[in-house]
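The following exercises concern a single protein structure. Each task is followed by a solution in steps.

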Amino acid sequence: MAGKPPASDPVQDAPEVGPPPRAVAGLPAVGHTLRMAGRQMGVRRTALTLLRVNQKDGFDCPGCAWPEGDKRHAAEFCENGAKAVAEEATLRRVTPDFFAAHPVAALAGRSGYWLGQQGRITQPMYLPEGATHYQPVPWERAFDIIAGELHALDSPDEAVFYTSGRTGNEAAFLYQLFAREFGTNNLPDCSNLCHESSGSALTETLGVGKGSVLLDDLDRADLIIVAGQNPGTNHPRMLTALERAKAAGARIITVNPLPEAGMERFRNPQTARGLTGRGTPLTDLFLQIRIGGDQALFRALNRLLLEAAGEPATSPGGPPPVDEAFIREHTHGFEEFAAAARSADWDEILRATGLGRDGIDAALRMVLGARSIIVCWAMGLTQHKHSVPTIREIVNFLLLRGNIGRPGAGVCPVRGHSNVQGDRTMGIFERPAPAFLDALEKEFGFAPPRHHGYDVVRSIRALRDGTAKVFFAMGGNFVSASPDTGVTEAAMRRARLTVHVSTKLNRSHVVTGARALILPTLGRTERDIQAGGEQFVTVEDSMGMVHASRGRLEPASPHLLSETAIVCRLARRVLGTASRVPWERFEQDYRLIRDRISRVVPGFDDFEAKVSRPGGFTLPHAPRDARRFPTATGKANFTAAPLAHPRVPEGRLLLQTLRSHDQYNTTIYGLDDRYRGIKGGRRVVLIHPEDARALGFPDGSYADLVGEWTDGAERRAPGFRVVHYPTARGCAAAYYPETNVLVPLDATADTSNTPASKSVVIRLEPTPPAGERDGSPATP
Ligand SMILES: Nc1nc2c(c(=O)[nH]1)N[C@H]1C(S)=C(S)[C@@H](COP(=O)(O)OP(=O)(O)OC[C@H]3O[C@@H](n4cnc5c(=O)[nH]c(N)nc54)[C@H](O)[C@@H]3O)O[C@H]1N2
Ligand SMILES: Nc1nc2c(c(=O)[nH]1)N[C@H]1C(S)=C(S)[C@@H](COP(=O)(O)OP(=O)(O)OC[C@H]3O[C@@H](n4cnc5c(=O)[nH]c(N)nc54)[C@H](O)[C@@H]3O)O[C@H]1N2
Ligand SMILES: [Mo]
């Protein structure tokens, strides 16, 4: 039997705090997983479902975008993948009765955790203007309402079409096709909040905005640098790959302001020894960097490599410090870069990184001894004002030693959502390449708009200013995932209509425009039957591998439509007979969609045949495959940017907003963060004991976090329990989305426009715990 959802909202600011574990995963993780999954779907369904995750004939795990590899275990899942599956395959249901019993205003007072725990949405629901409750609505009427609002707009650019990264390739391709045939490039996506900085930096320097590393490369690497990433929680299957890499001789440098337990010792739950033994130590060198110090660190390494190149004795027997032949043949801009690196100022480097020379020198020795180097990163590098130059500095570092287009080497931005990379490949992008639009035009016979659309931040501004009026979301939780919660919520409330294609209830359903719709859809785990028979969808992982995903479970409700069907019916209703796209046939048979994709998107020729093979296929990647760089210069570009790092005034801290072990972005599975020793609460702020003492906050005291930004507006996240924690000095950490209220809308990364949610300047103000304060705890 599955358990009931929580009746009331738990208190979230009084956790138990203890020491983090000495090793991660192993038996405790397996037990924890089965308990959590069992609560959502009962024992039998848990076993049946979890055995299907990431199998070649099964469904793609909705957890993360880490690739599967060829040798699969019977249970190719990890703790957090299993939780993601359990959330979706839950037996709990949100029915029209639920909506009749709960006014929207009351739901808006609930935490995101409580909303998500209520279960799967079973029917399309409509909130008419001025109504207090959502009411059931037939699908056709829902499409009429959307078409009515879209047709009433003065311009197609007054509509915004958001995508979260779970949408399969087929639905994503049709969704962008629909938006463009309707007439807009307003296709913001979660990538804008996530790896956009990686895409911007890599496109400019290497010509391809994706990683250049395949799973096998990890086995062949001599050195793997993991910077700004917490794989133990967010990409647990990566730990298995790192363990294997170490067994094959690789060394690992971890760069992080927090000592993350997952990178210390790993007990592989797929092996008998891993279940019970002491585990494998992963990190050889831990560089506890200050938040935002990574550009300075890589510049320092680059400076030292250039200096070492002048003294050939530095790496006897090893590869030369600098790969001059590669630089000559394949790169552009070396001189300017080298001048900037050579003049990098040591005082500034040490201030920015918070590291000592000894740590940087130790890293240099490991670099000099390594022929093939991989750098992996995630949100710790992408969500700062200077993220794009930071990632470009990593590219400089790899280019210097010819570490692009060689086995065991390369750039490895580790993506988040399971198909976020595929959605972008399918054309979900507010700034599409002209060649992509040309291909669409040729294939479908209409003229797509050429001017750029809104990304996430620009969409919020447009809604706030009334220049966007209809907001449509293909998945996700835009209101909670976006920065500046106060501003974003007010912007959303100004919309004429907000529409969400969703599996589960979330805050974006209860902070709405004048009218709102919830369109419930099938999840990855569920069978997708159309007029043309049983369908599968395709996805692309973080390493450019494309494969099929087939759900096997009975859908959560007979009223659900697949995302593809929703797009097809919406497009038919909105575009009518003017459209020459065969929407109806696309809905019946997804092979027809793949056929069109094969003719529009490079690398997808012979798509159907290739994706029907077990395990799928790898997309081409010119720098990786042939050291060909499709950049403006036709070469790999070295770049020289001024050195930057966040400035923090006296008495203030630099806050990063990150994930706990029991959440998937805005979906909160539970209130523990086991790998950081925190149990039963999310309103915590982690601060170095010395900093906390200097500011007058003993461990266990309470503080409001108050944002300080140039616009002078007050941004406050009330009531956090202070936890003394060994983070880098001057830095603090607290969970997202509770702290999104502190991230200013205009504080974004240069070039990529990604919110700088890993470097927020805050001060602490003392406050009593929630129970002793006036009013109710601020939980959302
Ligand atoms: N279980 C689970 N899995 C997930 C997700 C989830 O929420 N839950 N989310 C998915 C998504 S969409 C994404 S994008 C990924 C996110 O995966 P991660 O990027 O691992 O997620 P975060 O929790 O944001 O962790 C950021 C890490 O960077 C470090 N860091 C912060 N600032 C800096 C800095 O300036 N420099 C350096 N070197 N390090 C820094 C933090 O201490 C932390 O270890 O995970 C995906 N997988
Ligand atoms: N402060 C701060 N903010 C951040 C971040 C941070 O580190 N700090 N990280 C950013 C990052 S990396 C990301 S990727 C974004 C995430 O932003 P989003 O992708 O918008 O948010 P999610 O929480 O992943 O979306 C969860 C919702 O997706 C819906 N859903 C789940 N599965 C499906 C499905 O199969 N189909 C459909 N249609 N809907 C489904 C459910 O209704 C669920 O409530 O948040 C960003 N925001
Ligand atoms: Mo993400």
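**Exercise 1. The helix α22 and its surroundings**

Determine which residue takes a positive phi just after α22, and describe the start of the helix and its buried residues.

Solution.
1. Just after α22, the residue with a positive phi is G466, at about 80°. The model from which this value comes is predicted.
2. The helix itself spans residues 456-465. At its start, a side-chain oxygen of D455 comes to within 3.3 Å of the backbone nitrogen of V457.
3. With buried taken as under 20% relative accessible area, the buried residues of α22 are V456, V457, S459, I460, A462 and L463.
4. The cover over these buried residues includes the strands β7 (159-163) and β16 (470-474), together with the helices α23 (478-481) and α24 (485-493).

**Exercise 2. The environment of E430**

Establish where E430 is placed, whether E430 is buried or exposed, and which residues E430 touches.

Solution.
1. E430 lies in the loop between α20 and α21.
2. Its relative accessible area is 2%. Since the limit for a buried residue is under 20%, E430 is therefore buried.
3. Leaving aside residues up to four places away in sequence, E430 touches N185, L187, N192, H452, G453, Y454 and D455. One of these, D455, also supplies the side-chain oxygen at the start of α22.
4. The side chains of E430 and R431 are joined by a polar contact of 3.4 Å.
5. Between E430 and D189 there are 8.5 Å from C-alpha to C-alpha, while the two are 241 residues apart in sequence.

**Exercise 3. The largest pocket**

Characterise the largest pocket by its volume, its lining and the domains that contribute to that lining.

Solution.
1. The volume of the largest pocket is about 1,200 Å³.
2. Its lining comprises 38 residues, and those closest to the centre are T203, G207, V208, G209 and K210.
3. Sorted by class, the lining has 16 nonpolar, 14 polar and eight charged residues.
4. At least two lining residues come from each of α8 (196-206), α20 (420-425), α21 (434-444) and α29 (622-626).
5. Domain 1 (93-194 + 419-615) and domain 2 (196-413) each give at least three residues to the lining.

**Exercise 4. Domains 1 and 3**

State how the domain assignment divides the protein and how domain 1 and domain 3 are related in space.

Solution.
1. The assignment gives domain 1 (93-194 + 419-615), domain 2 (196-413) and domain 3 (653-772).
2. Taken over C-alpha atoms, the centres of domain 1 and domain 3 are 31 Å apart.
3. Their contact takes 20 residues from domain 1 and 19 residues from domain 3.

Note on methods. Residues numbered from 1 in each chain as written. Chains lettered and ligands numbered in written order. Predicted model: local features only at pLDDT ≥ 70, side-chain atom pairs only at ≥ 80, totals over all residues. Heavy atoms only, no water. 1 Å grid on protein atoms, 1.4 Å probe; cavity = no way out; pocket = protein on both sides within 12 Å on 5 of 7 lines; lining within 4 Å. Points joined across faces, edges and corners; volume = space filled by probe spheres on them. Helix = DSSP H or I, 4+ residues; strand = E, 2+ residues; numbered from the N terminus. Nonpolar A, V, L, I, M, F, W, Y, C, P; charged D, E, K, R; others polar. Domains from an automatic or database assignment. Buried < 20%, exposed > 50% of the residue type's maximum accessible area, 1.4 Å probe, protein only. Contact = heavy atoms within 4.5 Å. Polar contact = N/O pair within 3.5 Å; in protein donor to acceptor, adjacent residues only side chain to side chain.
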